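Welcome to a short tour of this structure. Take a moment to look it over, and then follow along with the text below.

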Amino acid sequence: MSLKSLVSSLLAVALAAVAGVACAAVPETVPVGNPGNAADTTGFGAVPYSYRIGKYEVTIEQYCDFLNAAAKTDEHELYDLRMEAPPEDGWCGIKREGDSGSYTYSVIAGRGKQPIGYVTWESCIRYANWLSNGQGKGDTEKGVYEIGADGVKVPDHAALAKGTTAKWVMTSENEWYKAAYYDASKQGGAGYWQFPVKSDTSPAANLNSNWPAEVGKCKESVSPHGTFDQGGNQWEYNDAQADGKVGLRGGSWYINDNDNYMRSFTRYDVLSAKWPHYGFRVAQVGGEASK
């Protein structure tokens, strides 16, 4: 993050605190440069602009901040009752109290650094809108993504990248893919790895453990751009849409997931649904993020 972006973020936090608004922990990001790279043989990975992507998946504590700011009534069903898991089930970890209009949310002890689950694709883009709109009382329905009766209008990320202000998005499939597999310093010339760890061999990852790990726990499993858990831990939505379905990549901790789910050629179009092992990460495009 640039000094200018850091100062802006700190100022936003300070202003929110003065106003009595709960402040969100803004996701940490890492830069992805080399704009204009060629696509992989799969057809994915070409991105004509620089951007920043979440170093980790969005966590339970970050999503809890979002709920406290944007889900006092929860008309958009951003919360799911299954998020309050019993102690023997570590699949999520947010407790809701109060009545509609004054709901409050809290992180269950020991769960905050795990990735959020039980979110729909629409919940993820609302989170991105909220980040772009300044958090706090920021709008979830309008902004980068336009949400209406006819569905969701996904933005042109390349157009956003030309803007002077950095905007938060749920990663496009190409942004996600490039961050995971593309390596400009690959021996023999820039290219792609089969796994998101600068390797064509499957890495250590939280697969098939039946338990989500804290983000970044597999410290040796880092992508060429410095991201963690793009293989394993949580399946991740991206903002691709096709025939009423949405994009999903990465593999997860859930039972029966295997190494092949982390490979670059593995992708899914799925129905938007709340599953414990479906989560997401965000990216920033435009402004300083695109330099």
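In this predicted model, strand β7 and strand β14 (residues 282-285) run antiparallel and are joined by 4 bridges. Within this pair, lysine 167 of the one strand faces valine 285 in β14.

Now step back to the sheet that holds them. It is an open sheet of 4 strands, in the order β1-β2-β14-β7, with antiparallel pairing. Because β1 (29-32) and β7 (167-170) each have a single partner strand, they stand at the edges, and one side of each is left without a neighbour in the sheet. From one strand to the next, the twist averages 30 degrees.

Which helix packs on the sheet, touching β7 and β14? That is helix α3 (residues 121-132), whose direction makes about 170 degrees with that of β7. Helix α5 (residues 173-181) lies across β1, β2 (51-54), β7 and β14, and runs at about 80 degrees to β2.

Let us turn to the cysteines. How many disulfides does a search of the whole structure find? The search finds 0. Here is where two of the cysteines stand with respect to the nearest cysteine sulfur:

| Cysteine | Nearest cysteine sulfur | Distance |
|---|---|---|
| Cysteine 64 | Cysteine 92 | 9.8 Å |
| Cysteine 124 | Cysteine 92 | 12 Å |

Are these residues buried or exposed? Cysteine 64 has a relative accessible area of 4%, so this residue is buried. Cysteine 124 counts as buried too, because its relative accessibility is 0%.

Conventions
Residues are numbered from 1 along each chain as its sequence is written. This is a predicted model: local features need pLDDT of at least 70, side-chain atom pairs count only at pLDDT 80 or more; totals for chains, interfaces and linings use all residues. Side-chain values use heavy atoms; hydrogens and water are left out. Two strands pair if DSSP finds at least two bridges between them. Helices (H or I, at least four residues) and strands (E, at least two) are DSSP runs, numbered from the N terminus. Axes are lines fitted to C-alpha atoms, for helices over the stretch in contact, and angles run from 0 to 180 degrees between N-to-C directions. Contact means heavy atoms within 4.5 Å. A disulfide is a pair of cysteine sulfur atoms within 2.5 Å. Buried means under 20% relative accessible area, exposed over 50%, partly exposed in between (1.4 Å probe, protein chains only).
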